[in-house]
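Student: I am new to this structure. Could you take one part and walk me through it closely?

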Amino acid sequence: MKDRKPKNVFVEGAISPEFIATSIAKHQSKTSIGAHDIFLGQVRADMVDNKTIKAIEYTAYEEMANNKFHEIREATFGKYELSCMHIYHSLGTVNAGEICLFVFVSSPRRKVVFEALEYVVEEIKANVPVFGREIFEDESHQWKVNT
Amino acid sequence: MSTNIKYFGLLAEITSCREESLGNSPSTVNELLELLFEKYPDLKEKDFRVAIDQQLVTEDTQITGGEIALLPPFSGG
């Protein structure tokens, strides 16, 4: 388990519900797992100064981001007794209502997955160089700020 | 020696490019920032961090080559 190489976490555009369903189905053969936990980040149609966000366009410093995702994976496996973990993040345009981040952790027992999932998501938000350009319906934009 | 810099997010809007090569070679991050603030005064007001070879560095860090990147606040997820 120690020699995991950085994987490519990024997918072009939104993450489809079908992709998520397939990912869940793939774990049915791993019968030592007793608990999964899933985080889905969805693009919110926030209203700012009477204009509504219709999409977020994501860019990233991809090499650094993939290495950071890898560091987060390693740290999480070090801290928590997980069977497996999958992270996918969108690049390019994701419309309001669509999924832009999919984090999936699995373990024999439930308590571990609750804690590990929150840890992974918070680490991603704080430490991975991804940048969101929020596009309004009139095509003007502002840069997303994580709170 | 020239210095290659990558810009991301709103910083790339200010510089109007995602990557460029500076003719001179500043020896510290601080010197680099002075050059960039002269070239792009709007950068001064922006919150960003500098990475060299994908590691975040401080202003007193020596520049001895490597890939330099200017990174605005991260907003993934």
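Tutor: What follows is a close look at one helix, and then at the contact between two chains. Keep in mind that this is a predicted model.

Start with helix H2 of chain A, residues 62-79. How far apart should the ends of its 18 residues be? At 1.5 Å a residue, the expected span is 26 Å. The end C-alpha atoms lie 25 Å apart, which agrees.

Now look at which residues of H2(A) are buried. They are A:Met64, A:Ala65, A:Asn66, A:Lys68, A:Phe69, A:His70, A:Ile72, A:Arg73, A:Thr76 and A:Phe77. What do these buried residues pack against? Within chain A, their partners are strand E1 (10-12), strand E5 (84-95) and helix H3 (110-127). Chain B joins in as well, with strand E3 (49-52), strand E4 (55-57) and strand E5 (68-71).

Take one residue of this helix. A:His70 lies in H2 of chain A. Its relative accessibility is 16%, so A:His70 counts as buried; the cut-off for buried is under 20%. Along the chain, A:His70 and A:Lys7 are 63 residues apart. In space, their C-alpha atoms are separated by 7.2 Å.

The helix has led us to chain B, so look at that contact. Chain A gives 24 residues to it, and chain B gives 19. The area buried between the two chains is about 1700 Å². Carbon and sulfur atoms give 55% of that area.

Which charged side chains meet here in a salt bridge? They are those of B:Glu13 and A:Arg133, at 3.5 Å from N to O. The rule finds 1 salt bridge across this interface. Polar contacts between chain A and chain B come to 12 residue pairs, with both residues at pLDDT 80 or more.

Which elements of chain A give two or more residues to the side that touches chain B? They are strand E4 (51-60), H2, strand E6 (99-107), H3, strand E7 (130-136) and strand E8 (141-143). E7(A) gives the largest share, 4 residues. By type, the residues on this side of chain A divide into 13 nonpolar, 7 polar and 4 charged.

Last, a residue from another helix of chain A. A:Ser23 sits in helix H1, residues 17-25. At 8% relative accessibility, A:Ser23 counts as buried. Leaving out residues up to four places away in sequence, A:Ser23 touches A:Phe102 and A:Phe104.

Key:
Residues numbered from 1 in each chain as written. Chains lettered and ligands numbered in written order. Predicted model: local features only at pLDDT ≥ 70, side-chain atom pairs only at ≥ 80, totals over all residues. Heavy atoms only, no water. Expected span 1.5 Å × (residues − 1). Buried < 20%, exposed > 50% of the residue type's maximum accessible area, 1.4 Å probe, protein only. Contact = heavy atoms within 4.5 Å. Buried area = accessible area lost by both parts, 1.4 Å probe. Salt bridge = Lys/Arg side-chain N within 4 Å of Asp/Glu carboxyl O. Polar contact = N/O pair within 3.5 Å; in protein donor to acceptor, adjacent residues only side chain to side chain. Nonpolar A, V, L, I, M, F, W, Y, C, P; charged D, E, K, R; others polar.
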